[in-house]
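Reader: I should like to work through this model step by step, with questions and answers. May we begin once the structure is in view?

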Amino acid sequence: MRPPHPRERRPPAAGPTRLPDGRPGPGYWQQQVDYRVEATLRLAGHRVAGTEWITYHNNSPDTLTELYWHLYQNLFQPLHEPRRRLRIVGAAPAPTRGIAIFHLQAQGAELAREVDRTRMRTPLKQPLLPGERLELRVDWDYEVPTTEVDLRTGRHGADYAVAQWYPQIAMYDERGWDVSPYLGQGEFYLEFGSWDVRLRVPADYVVAATGTLENADSVLGRDELQRLRQASPDSVVHVVTGPISRAARRRGGPARWRSWHFAATGVRDFVWTASPTYLWDATRTQATGEAPGGALVSTFYHASERRYWSGAAALARRTIELYSSRLGVYPYPQVTAVSGPVTGMEYPMLVFGNPGHPLLNEPARTLIHELGHQWIPMVVGSNEHRYALMDEGVVTFMTARALDTTFGPDALFSQRLPGWLRSLLPSGDERLLDQTIYLMAARVGREMPMLTPSDQIPEELYYVAEYMKPATVLFMLQDVVGPDAFGRALRAFFERWRFRHPEPDDFFNTVDDVAGRNLDWFWEEWFRQTWTLDLALRDVRQAKGPGGWSAQVRLANLGRAIMPATVRLELADGSSRDVRVPESVWSGVEEYTAVVDSLPAPVRRALVDPGLVLPDVNRMNEHWPGKRVRADWRPELTMDLLPPLDAYRLGFSPSLGYSNAAGAELGLSATGSYLATDHRLYAAVRAGTRSGRLDGELRFSDPILSWGAGVSWRADLFRVEGRVGGGVGLELAPGAWGGLITSRAANTHIRLGLDAITLQDSSYLPVRAPWARGTLVAGSASIQRSFSNALGTGLLAARLEAGAPGSDWSYGKGQAEARWDAPLMLGSHLLARVAAGSASGDLPAQTAFNPAEATALERFDSRLFRSAGVLEAFGLADNAMLGGGGAIPGADPLRLGTRMAALNLSLQQGLFELFGDVGDAWTRERSRRPVRDAGVGVGADLDLGQRDIHLLHWGVHLRLPLWVDDAREPDGSGWSFRWRLVLGGRWGD
C-alpha cells in the first residue's frame, strides 16, 4: 500500500500567496469543503451512524489525483500505537473499533480506500482539475468512547459530546496534503465550509450544536420556544427548565425519536452534544452595526450544577462582547457553552467548560479561555497541529487580559469564597501564574522552542511551550511595541486572516508592519530559540551637583536573550523616576551604565522591571540595595501557590499539634522560598502544654542549577517529640520542577542521604512504634524510575541503607519493589506490586521491615504518625496505617523482620476495590510463614487543583480485609471483620 503521507511536507509554493507585510497575497487560495450530514444516535451500543454528502471545491492551482482523510476515532482502536500519547491525560481509554466506513463514493462510483490508523487515502478515478468540484457520499458509524480520558469527545452516563465524529477530508494548502497522524496531543488543521446537519436522537434528549437550530418550532414546546425568542441583552431566560415537553416530543417525529436540524456557514468543523437532563439558558449580545441582531448566547448544564452555571450565560455574553471590542466582531449568529461530558475544549460556535470548582474560579476561567478560541482558530484558521502556540498561546494571553478586566487581579480563585478565606490566599493573577510556570521550567532548562510541532514536544513540556510561555512572551511584546501599537497589530492580524490560514511568519510580519519596527531579534530569541533573560542590577552610584542629584545605574545581562527594560528609581522624597533601557545597549556587551541627572533627591531604592513584564529567570539580583523579602501570614499550604516573582517569600503561620507526652503543642512556623523552588526554608518552634518542653525543626534545601535540572541538596536539624537528629542529602530528579508543576512523564529520581537520630524520651512513642534506644546514623541511596506506555504506568524502585560511623548499630539493608497500573475495560484498573527486602547485621527496630506498613522511621517523618496522640484522639491508633512495607492490611503491624517479601493485587473501579495480598516480614530465626488476606476497600487519591495548579495530593483508603490466613496466630485464619485506614496512598505513594 502506498504510504498515505510524506514524511515531510514540501515548503510553501513560490508565488504571491503571502506578502512580506503579513497580508494574504493576491495569489492566496484555499480549498472549501461543504458537508450535508444525516446521523442517528443509538443508545444501545453508544453508536452514531451517519451518511454525509460532501462537495469538495478545488480552488488550488493543482490537479488532484487523490484525497486524504482523517479518521480521528481510530485513535481509540485496540492496541493502536498512537494511543501511547493518551498518557498525557493520565490513563488509557477503553478501546472502540474506531470509524467503520461502509461506502465511499465519488460521482456515484465507489472509491478504493487505504487506511493507515487515523489516516485514509482514496485514489480518484478521474483527476480533479483546478476550479472543479467533486461530489462524494460516505456511509459510516462508530462507537462513542467514554470520557474516562477526556480527549475532546466522549460520553459519560447519559450525556454525549460528539466530536471528531465523521470522516473528514484533510487540509490541502501550499505544502500539499496535511495528513499528520492524530496522536491525542496536538489538535486540528481544517478547511472552512458550510454545514447542513440533521441529528436523529431519542425523543427526550436536548441537543446543542455548531450552527443555528433551524427547526426550533419542531423540537421545542410552545413555552420553550416563546422563552427562546425572548432572549435579549438585558436578561437571561431559562429556555429549558426540566425534561423536554411531551408536545415537543410529538412534533419532533415518531414517539421515540426527534430530529434536530442545524446549519452553519464559514466554519471549519461541526460538533454536537446531547443529554436528557440539560437545562438551557439564553441571552443575546448587544447589537452592533456589523451584527444588527447580536448573537444568541446559550448555556447548557445540569440541575446539580446550577450553583456554578447559573451566571454562565451572562458571563459568556460579556466575554463575547469584550473579545469583539478588542479583536473584531464575533461573526457567527450564535455561541453555546456546555458543561460536560467533555471539559475545556473549543469548537465552532460551541465550547465545553468545567462543572465548577469550590476553590478556583471555575467554570469562569475555562469559559473565558475557550470562548477566546472562537476567534482563533475558529475564524482565523491557524494550524493547531503544527503551531499550537498560535491558538493556545494567543488565547492564553487573551484569557489573562479578559480575566483581569472581568474580575480584577484576583481572578484565579472562586468569587464565591468568603472574604476571610480569600485573605488567606495569595493574589490570583493569571498573567503572573503563566509567567511563574514558564520560569520554573526555563530556570532548569526544561523547555523547547515554541514553534516545535505539537506531537514532537514531550508531554511534560507541552503546556509550558504552547500555553504559558507564548502568553508570557505576548505580554512582553506588548511592552516592547507599546499597548496601543500592539492592540492595533493584534486587531489587524485577526482582520487580515479572518476565514483564512495564517502561519507564524504572517503574525510576525503583521506586528512589524503595524508597529513600524523590525523585530527579527525578538522572534528569533523567543519563538525559535529557548534563550533566557537574566538582567541584574549591579549597583547605583550617586553624587550631588549643582542641578540636583545624579545616579549611575550599572546593569548586567547574564542571559543570552536581550530585552528593553524599565528601571525604577525610588527617591528619598517619596517620588520615583523610571528609566527605559533599550535592547540595543546589549549589542556586544554584557554590562551597561545608565546615567540619570537632575534628580530632586538621592536614590533610596532601585529595581528592574517594576511591572513584572519580563520573564527574568532570577529576579533576586534585580534590586538595589540587597535582596527583597516579602513576609506574610498565611497557612503553610498556600506558601508555594503563586509565589512572588520579585522577592523571597517568608511566610509565618501558627504551628499546632498534639501528642500524648506533650499534650497540645503550640508554636510558630516559618516557610521561605524563592519561586517555590530556591532557598527553601522551614523552621518551627512549638511548646507542649503538658510537658513544657520546647521542640524545634529547621530544614533547608536549594537546587544546584549548574548541575542540571532537578538537582538539589538539603540539610535539616530537629528536636521533635523525644527525638533529636539531623541530616544532609542530595537529590537528582531531572523530571521534577517543584512548586506548582507536576509531570506524568517518565523520570528518574536518585536520592543520597546521611541522617542521624537519637531517642531521648520513649514516652512519646506510639504503642505500634518499636524503637530501640541509642543513636542511629545511617547512609542511604535510592533510585526510582517511573514510566508509562499504552499498557499502563509503572514504577521500579530500589533502596540501600547502612549503618554509618558513629551509629550504635552496624547493618546493611536493601529493598526493591515494582508496581504496575494497567487500565482495563469500563474505567477499571488492575494494580500489582511486588516488593522484597533483606538486611544483615544488627538491624534496629525502627528501620526493620514491617509486613503491614512503613517502618517506624518512615512513620516518624509523617506528622500524623510521629505520636499516637493525634490518632488516639480520634480512636484510630490501632487501625491507621502509613502505606509501605509489605502493604498487607491484614497482617500484624507489630511483627518485624530482617527480611520481607510481598505480592499485592488490587482491582479498582472508581472509589471501590477488591484486593488480595500475600507476604510477610520474618527473621533468620523464624521460618517464613506468609500471611494471606483478601477484602474490599474504598478510597481516593485527593488532588486539590487542576492542570496548572496543584495544592495538595494525599491518598486516603479504607480497607476491610474480610479474610486473613496467618498460621502463626491462634485465630489467624478465616472470615472476620477488620479495618485499616491507609493514609498516603495504596503502597506508600
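Reader: Which residue in strand 43 is the bridge partner of Trp 820?

Author: The model is a predicted one. Strand 42, residues 811–823, and strand 43, residues 828–841, run antiparallel and are joined by 13 bridges. Trp 820 falls within the range of strand 42, and its bridge partner in strand 43 is Ala 832.

Reader: Over how many bridges do strand 43 and strand 45 pair?

Author: Strand 45 covers residues 899–909, and strand 43 pairs with it in the antiparallel sense. Within this pairing, Leu 830 stands opposite Leu 907 of strand 45. The number of bridges between strand 43 and strand 45 is eleven.

Reader: In the open sheet with the order 28-27-30-31, which are the edge strands?

Author: This open sheet has four strands, with antiparallel pairing. An edge strand here pairs on one side only. That description applies to strand 28 (576–581) and strand 31 (623–624).

Reader: Which residue of strand 30 stands opposite Glu 570?

Author: Strand 27 spans residues 565–571, and strand 30 spans residues 603–608. The two pair in the antiparallel sense over five bridges. Opposite Glu 570 in strand 30 stands Arg 605.

Reader: Is Leu 124 buried or exposed?

Author: Leu 124 belongs to strand 7, residues 119–128. A residue is classed as buried when its relative accessible area is under 20%. Because Leu 124 has a relative accessibility of 14%, it counts as buried.

Reader: With which residues is Leu 124 in contact, leaving aside neighbours within four places in sequence?

Author: Residues close in sequence are set aside here, namely those within four places of Leu 124. The contacts of Leu 124 are then Leu 64, Thr 65, Glu 66, Leu 67, Leu 111 and Leu 134.

Reader: What distance separates the C-alpha atoms of Leu 124 and Gly 154?

Author: Along the chain, Leu 124 and Gly 154 are 30 residues apart. In space, the separation of their C-alpha atoms is 33 Å.

Reader: Which helix gives the most residues to the largest nonpolar core?

Author: The largest nonpolar core has 207 residues, and Leu 136 is one of the members that touch the most others. Among the residues that Leu 136 touches are Trp 53, Tyr 56, Trp 69 and Ile 169. The most residues in this core, 13, come from helix 10 (residues 462–481).

Reader: How many residues does the second, separate core have?

Author: Trp 809, Ala 856, Ile 888 and Met 900 are included in this second core, which is separate. Its number of residues is 28.

Key
Residues numbered from 1 in each chain as written. Predicted model: local features only at pLDDT ≥ 70, side-chain atom pairs only at ≥ 80, totals over all residues. Heavy atoms only, no water. Core = buried A, V, L, I, M, F, W, Y, C linked by side-chain atoms within 4.5 Å. Buried < 20%, exposed > 50% of the residue type's maximum accessible area, 1.4 Å probe, protein only. Contact = heavy atoms within 4.5 Å. Pairing = 2+ DSSP bridges.
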